[in-house]
Every structure is written in structure tokens, then in C-alpha cells.
Amino acid sequence: ISFRYPLIFFSSYEAVVSTQSTGHYYITNNLRMAAYKPEKGMPVEEVASHRIRITLTSRNLKSLEKVCTDLIHGAKAKDLDVVGPVRLPNKNLKITTRKTPCGEGSKTWDKFEMKIHKRVIDLKSPSETVKQITSISIEPGVEVEVTIADS
């Protein structure tokens with residue numbers, strides 16, 4: 001028996017589409033429930049959503065990137081809108097000093113440099129979930145600044 005149209009089998013979460021002509025099976029997750037629209041007189045509960053900006057600064061790049069990935073994984077686990085991490089330009093602090101304390105001898109100089117790395121992560125969520133996300137263990141040397149704005 002040959003079928004002209006593909007056969008579709010439904011399970012609880014996905015649809016399996018089979019085409020008899022090629023013998024291939026495709027699994028799709030495109031089954032969605034119909035959207036529920038409340039009637040005009042019904043009260044609608046809305047959760048106050050805030051725009052939250054998390055600014056991370058550190059001298060150690062590895063620990064900064066680790067904290068960024070932990071924050072983003074926690075936010076995506078809660079199904080939040082995440083933008084970032086946005087890498088801002090490094091601040092290079094430079095100091096040049098003479099090697100000799102008395103000023104005599106050959107004119108040799110020491111150059112010291114400290115780089116400060118900065119990342120910005122933007123979230124859109126209720127403020128209660130931000131407390132849960134930022135409760136992760138933060139590496140030593142990483143400074144976290146959280147700014148909440150109404151959307």
C-alpha cells in the first residue's frame with residue numbers, strides 16, 4: 001500500500017511525521033495548545049516585570065567569565081530574557097617608576113600595568129527571581145552591581 005500524504009502519529013509531547021515514499025521519520029515539537037484569551041470583563045494578573053542590569057568587574061578574566069556563565073545558565077533555566085554578556089572595553093591602569101630608590105645609577109624604569117575587565121548582562125524578569133539567580137557562589141575578586149529599572 002502506498003500513501004500519497006504523510007502519516008502523522010501523535011504522542012503526548014511531539015508529533016512523528018512519516019513519509020512512505022522516502023521511508024524517513026521526522027520528529028517535530030510544533031504542537032501547541034490554543035492560546036487562551038480572557039474575556040473583556042475578567043481580571044488579568046500581571047507580574048511586574050523589571051529591566052535588570054548586572055554589571056560585573058574583575059581583574060581576573062577566568063573568574064569573571066565563570067560568574068557570567070553561571071548567571072546566564074541560571075537565568076535561562078528560569079526562562080528569562082537574557083541579553084549578554086556584553087564585553088566592555090578594558091581599563092588599562094599603567095604606572096611607570098624608577099628602579100633605583102635614590103635616583104643615582106643608570107636610568108632604568110619599571111612599568112606596571114593592571115587590566116580591569118567589565119561585562120554587562122541585561123535581564124527582563126520579576127525582582128524576586130533575580131534574588132534566586134544572584135544567590136550563586138561568586139568568585140573572589142569579582143564585583144557585582146545590580147541595577148533594577150521599571151519597564
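1. Starting with the overall layout: the protein has two helices and seven strands, where helices (H or I, at least four residues) and strands (E, at least two) are DSSP runs numbered from the N terminus. Along the sequence the order reads β-β-β-β-α-β-β-α-β. Keep in mind that this is a predicted model, in which local features need pLDDT of at least 70, side-chain atom pairs count only at pLDDT 80 or more, and totals for chains, interfaces and linings use all residues. Residues are numbered from 1 along each chain as its sequence is written, and side-chain values use heavy atoms, with hydrogens and water left out.

2. On burial, 19% of the 151 residues count as buried. Here buried means under 20% relative accessible area, exposed means over 50%, and partly exposed is in between (1.4 Å probe, protein chains only). The protein exposes about 12,200 Å², and carbon and sulfur atoms supply 54% of that; the areas come from the Shrake-Rupley method with a 1.4 Å probe, and for residues only the protein chains shown count as cover.

3. Contacts next, meaning heavy atoms within 4.5 Å. Among contacts in the protein with a separation of 6 or more, 61% are between residues 24 or more positions apart.

4. Now the core. In soluble globular proteins, nonpolar side chains tend to be buried together. A nonpolar core here is a set of buried Ala, Val, Leu, Ile, Met, Phe, Trp, Tyr and Cys residues joined through side-chain atoms within 4.5 Å. The largest one has 15 residues, and Ile 54, Leu 56, Leu 71, Ile 121 and Leu 123 touch the most other members. Strand 4 (50-58), helix 1 (61-77), strand 6 (109-125) and helix 2 (127-133) are the elements giving two or more residues to this core, and helix 1 gives the most, with six residues. As for Leu 123, leaving aside neighbours within four places in sequence, its contacts are His 50, Arg 51, Ile 52, Ile 54, Ala 75, Asp 81 and Val 82.

5. Helix 1 deserves a point of its own. Its 17 residues should span 24 Å at 1.5 Å a residue, and the end C-alpha atoms are indeed 24 Å apart; the expected span is 1.5 Å times one less than the number of residues. Which residues of helix 1 are buried? They are Ser 63, Leu 64, Val 67, Cys 68, Leu 71, Ile 72 and Ala 75. Seen down the axis, these buried residues fall within an arc of 165°, so they line one face of the helix; the arc is that of the directions from the helix axis to the C-beta atoms. An α-helix has 3.6 residues a turn, so residues three or four places apart point the same way. On the other side of helix 1, Lys 62, His 73, Lys 76 and Ala 77 are exposed.

6. Cysteines, in case you were wondering. The disulfide count is zero, taking a disulfide as a pair of cysteine sulfur atoms within 2.5 Å. Cys 68 is buried at 1% relative accessibility, whereas Cys 102 is exposed, at 61%.

7. Thr 55 sits in strand 4 and is buried, with a relative accessible area of 11%. Not counting residues up to four places away in sequence, Thr 55 touches Lys 118, Arg 119, Val 120, Glu 143, Val 144 and Glu 145.

8. Arg 98 belongs to strand 5 (residues 81-98) and is partly exposed at 26% relative accessibility. Arg 98 and Trp 109 are 11 residues apart in sequence, yet 4.5 Å apart in space, C-alpha to C-alpha. Outside the residues up to four places away in sequence, Arg 98 touches Gly 103, Glu 104, Gly 105, Ser 106, Lys 107, Thr 108 and Trp 109.

9. Thr 134 lies in the loop between helix 2 and strand 7 (142-150). With a relative accessible area of 26%, Thr 134 is partly exposed. Setting aside residues up to four places away in sequence, Thr 134 touches Ile 54, Leu 71 and Val 146.

10. Last, two backbone spots to look at. Most residues other than glycine have a negative phi, and most peptide bonds are trans. The peptide bond from Gly 84 to Pro 85 is cis, with omega near 10°, and Pro 85 is in strand 5. Asp 79, not a glycine, has a positive phi of about 60°. Asp 79 is in the loop between helix 1 and strand 5 and is exposed at 69% relative accessibility.
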